[in-house]
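Good morning, and thank you for attending. I would like to go through one protein structure with you, and I ask that you keep the sequence and the model in view as I speak.

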Amino acid sequence: MYYSEDLIEEVRMKNDIVDVISGYVRLQKKGSSYFGLCPFHNEKSPSFSVSRSKQMYYCFGCGAGGNVFTFLMEYENLSFVEAVQLLADRAGVELPKMEYSKEAKERADLKTTLLEINKAAAQYFYVQLKSEQGRIGYEYLKKRELSDETIKAFGLGYSNKYSDDLYRYLRSKGYSEDLIRQAGLISTDEKHGVYDKFWNRVMFPIMDVNSRVIGFGGRVMGEAKPKYLNSPETPVFDKSRNLYGLNRARSSRKPYFLLCEGYMDVIALHQAGFTNAVASLGTALTPGHASLIKRYVREVYLTYDSDEAGTRAALRGVPILKDAGISAKVIRMDPYKDPDEFIKNLGAEEFERRIADARNGFLFSLEILERDYDMNSPEGKTAFFREAARRLIGFEDELERNNYIEAVAKIYQISAESLKKLVTKTAIQDGLAKPVERPKSTSEQKTAKKEDAGKTAQKVLLTWMIEEPKLFRVIGKYIHPDDFTEELFRTVAELMYRQYEQGELNPAKILNHFTEEEEHREAASLFHTKIRELSTKGEREQALKETILRVKSNSIDAQTRKLSPTDMAGLQKLMEEKRKLQDLYQLHISLE
């Protein structure tokens with residue numbers, strides 16, 4: 001969905017950043033700004049600053065910063081559009097309705113109705129659990145040591161023994177048989193006619209990240225099969241792209257998720273205070289799950305069952321998470337089967353210790369691999385190291401691969417150099433060796449270092465201009481938007497210069513221009529580059545001069561690389577730019 005910059009600015013202006021952030025962080029006024037504990041990293045002393053005049057926030061500890069949209073995107077893990085919609089609703093700003101084709105409107109209407117049906121079913125199951133006929137389900141949950149508060153928090157319920165109980169209830173609410181079937185709540189056959197998919201089961205509503213009921217899981221009461229039954233795929237439920245408990249775990253503010261196998265493991269961990277627990281929905285971990293997880297964390301602790309099936313699931317999950325850019329560790333539940341049993345028997349403190357002792361995912365896979373080889377025989381040991389070498393080849397980054405080689409060598413008490421040679425030899429034999437990259441020459445290294453310094457100088461200059469608008473009259477004499485070589489930096493500079501000319505420098509408004517999440521976050525960082533403290537006026541003037549020179553020099557170098565040898569006019573222009581650059585070295589810049 002596209003919203004105009006004017007509309008986005010209206011939404012931003014009607015949501016004062018101090019008021020919005022105060023709903024998440026306790027702020028205290030100090031001078032012209034407000035301070036509190038940063039919600040994006042752990043700290044004991046407040047370093048999180050919110051400016052009402054700039055409508056921006058910044059953490060001096062971790063460097064997080066931006067406007068009111070940035071804050072909600074980071075804190076609530078929303079997209080830019082979702083943040084705009086939430087704040088528009090908060091401020092009572094009406095956004096234009098999305099234009100649907102007839103087919104798209106029908107699909108949207110169907111999804112809305114199916115979500116209504118699921119919500120009604122969840123409420124019905126919850127009521128049944130507290131009734132006399134739901135006693136068997138309630139007693140089962142109490143036997144599993146769940147509190148009434150936890151039962152309510154997760155909306156747990158019970159489906160009656162009568163096989164068409166829910167169907168009759170939903171029909172009485174006006175929903176057609178076809179819609180109830182599309183919601184995955186009934187089945188039909190010649191022998192029984194229409195009957196409920198779930199009956200005589202404790203019910204676990206499955207919610208999406210926005211806490212809307214999209215499906216159900218049911219645990220049978222008694223010995224019937226299957227023990228657990230899940231909703232089928234529907235227009236609102238894709239089990240390979242949803243995680244049980246994510247709607248609650250995403251607000252835990254922990255930097256990692258605990259990934260479990262089942263509903264009860266998640267619920268038991270949440271009840272014990274581990275509110276960052278989630279589970280895949282009756283299916284193996286998929287790339288879709290990994291992509292969803294990456295929106296919230298970059299690290300996962302696998303808490304799968306300690307039996308053989310759980311071990312295999314962990315081994316399958318580690319590379320899937322790695323491919324998504326998520327590091328994985330494995331928590332062992334021994335001597336208990338799963339987190340639920342573990343917590344009941346050894347408690348939360350011991351589980352915390354298990355988290356601290358979690359095994360690196362790759363090293364855990366080698367630990368399990370050992371079982372297939374006779375490590376007491378030279379032949380078995382050699383075969384094990386050859387297979388370990390094949391797995392080490394999978395690390396494409398040379399530094400990461402070498403670190404793992406050293407770790408494996410240390411654990412298995414062999415020479416790191418020998419293992420490294422084996423990895424190289426195995427890669428060649430298996431046809432996986434990559435061409436050896438020519439080491440960069442000294443001049444190439446200097447060029448790369450110079451380019452990095454130029455990029456940093458550009459960021460520093462943009463931050464300086466926002467922090468001290470009066471510097472525009474100095475900087476503007478020598479630096480123009482075209483001197484910023486990074487496309488995003490140049491766009492920000494163009495917007496800043498335009499605002500300055502109009503007499504209104506508004507960094508929070510500039511960020512509205514960037515609606516793609518990554519661009520928005522990167523643009524926000526440009527206003528909060530750390531600048532070294534300068535105590536005297538002379539030091540500040542010298543630092544500003546050096547920054548201007550670096551930005552200008554980097555700009556000339558970039559233009560030179562792009563210049564065609566036959567472009568005489570361009571060449572003359574560059575020569576003039578270089579002459580001016582030499583004059584700049586001799587210039588005294590005054591901040592008076």
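In which loop is Gln413 found? Gln413 sits in the loop between H17 and H18. Before going further, I should state that this is a predicted model. The phi angle of Gln413 is near 55 degrees, which is a positive value in a residue other than glycine.

Let us now consider the two helices on either side of that loop. Two packed helices are described by the angle between their axes and the distance between the axes. Helix H17 covers residues 398–411 and helix H18 covers residues 416–429. Their axes come within 9 Å and cross at roughly 125 degrees. That angle makes H17 oblique to H18, because angles over 145 count as roughly antiparallel and those of 65 to 115 as roughly perpendicular, the remainder here being oblique. The crossing of H17 past H18 is right-handed.

Which residues meet where these helices pass? From H17 come Arg401, Asn402, Ile405, Glu406, Val408 and Ala409, and from H18 come Ala416, Leu419, Lys420 and Val423. By class, the residues of this contact comprise 6 nonpolar, 1 polar and 3 charged.

A second residue has a backbone angle of this kind. Glu145, in the loop between helix H6 (135–143) and helix H7 (148–153), has phi near 65 degrees, again a positive value in a residue other than glycine.

I turn next to the peptide bonds before two prolines. The bond from Lys225 to Pro226 is cis, with omega near -5 degrees. Pro226 is placed in the loop between strand E10 (213–220) and strand E11 (228–230). The bond from Asp334 to Pro335 is also cis, and its omega is near 5 degrees. Pro335 belongs to the loop between strand E16 (327–330) and helix H14 (339–356).

The next topic is empty space. Rolling a probe the size of a water molecule over the atoms shows where empty space is left.

The largest pocket holds about 970 Å³ of space. How many residues line the largest pocket? There are 33, and Phe40, Glu74, Asn77, Arg295 and Tyr296 lie nearest its centre. Helix H3 (68–76) and helix H23 (517–525) each supply at least two residues of this lining, and H23 gives the most, with 5 residues. By class, the lining of the largest pocket has 14 nonpolar, 9 polar and 10 charged residues.

As for enclosed space, the structure holds 2 cavities of 30 Å³ or more. The largest cavity has a volume of about 60 Å³. Its lining consists of Ala153, Phe154, Pro205, Met207, Tyr244, Gly245, Asn247 and Arg248. Strand E9 (201–207) and helix H10 (246–249) each provide at least two of these residues. The lining of the largest cavity has 5 nonpolar, 2 polar and 1 charged residues.

The second largest cavity contains about 30 Å³ of space. Among the residues that line the second largest cavity are Tyr124, Phe125, Gln128, Asp165 and Trp199. Which helix gives the most to this lining? H5 does, with 3 residues. Helix H5 (102–129), strand E6 (157–159) and helix H8 (165–172) each supply at least two lining residues. The classes in this lining are 7 nonpolar, 3 polar and 2 charged.

That concludes my presentation. Thank you for your attention.

Technical notes
Residues are numbered from 1 along each chain as its sequence is written. This is a predicted model: local features need pLDDT of at least 70, side-chain atom pairs count only at pLDDT 80 or more; totals for chains, interfaces and linings use all residues. Side-chain values use heavy atoms; hydrogens and water are left out. On a 1 Å grid over the protein atoms alone, a cavity is a set of points where a 1.4 Å probe fits but cannot get out, and a pocket is an open set with protein on both sides within 12 Å along at least five of seven lines; lining residues have an atom within 4 Å of a point. Grid points are joined across faces, edges and corners, and a volume is the space filled by probe spheres set on the points. Helices (H or I, at least four residues) and strands (E, at least two) are DSSP runs, numbered from the N terminus. Ala, Val, Leu, Ile, Met, Phe, Trp, Tyr, Cys and Pro count as nonpolar, Asp, Glu, Lys and Arg as charged, and the others, Gly among them, as polar. Axes are lines fitted to C-alpha atoms, for helices over the stretch in contact, and angles run from 0 to 180 degrees between N-to-C directions. Angles under 35 degrees count as roughly parallel, over 145 as roughly antiparallel, 65 to 115 as roughly perpendicular and the rest as oblique. A crossing is left-handed if the near helix is turned anticlockwise from the far one by less than a right angle, and right-handed if clockwise. Contact means heavy atoms within 4.5 Å.
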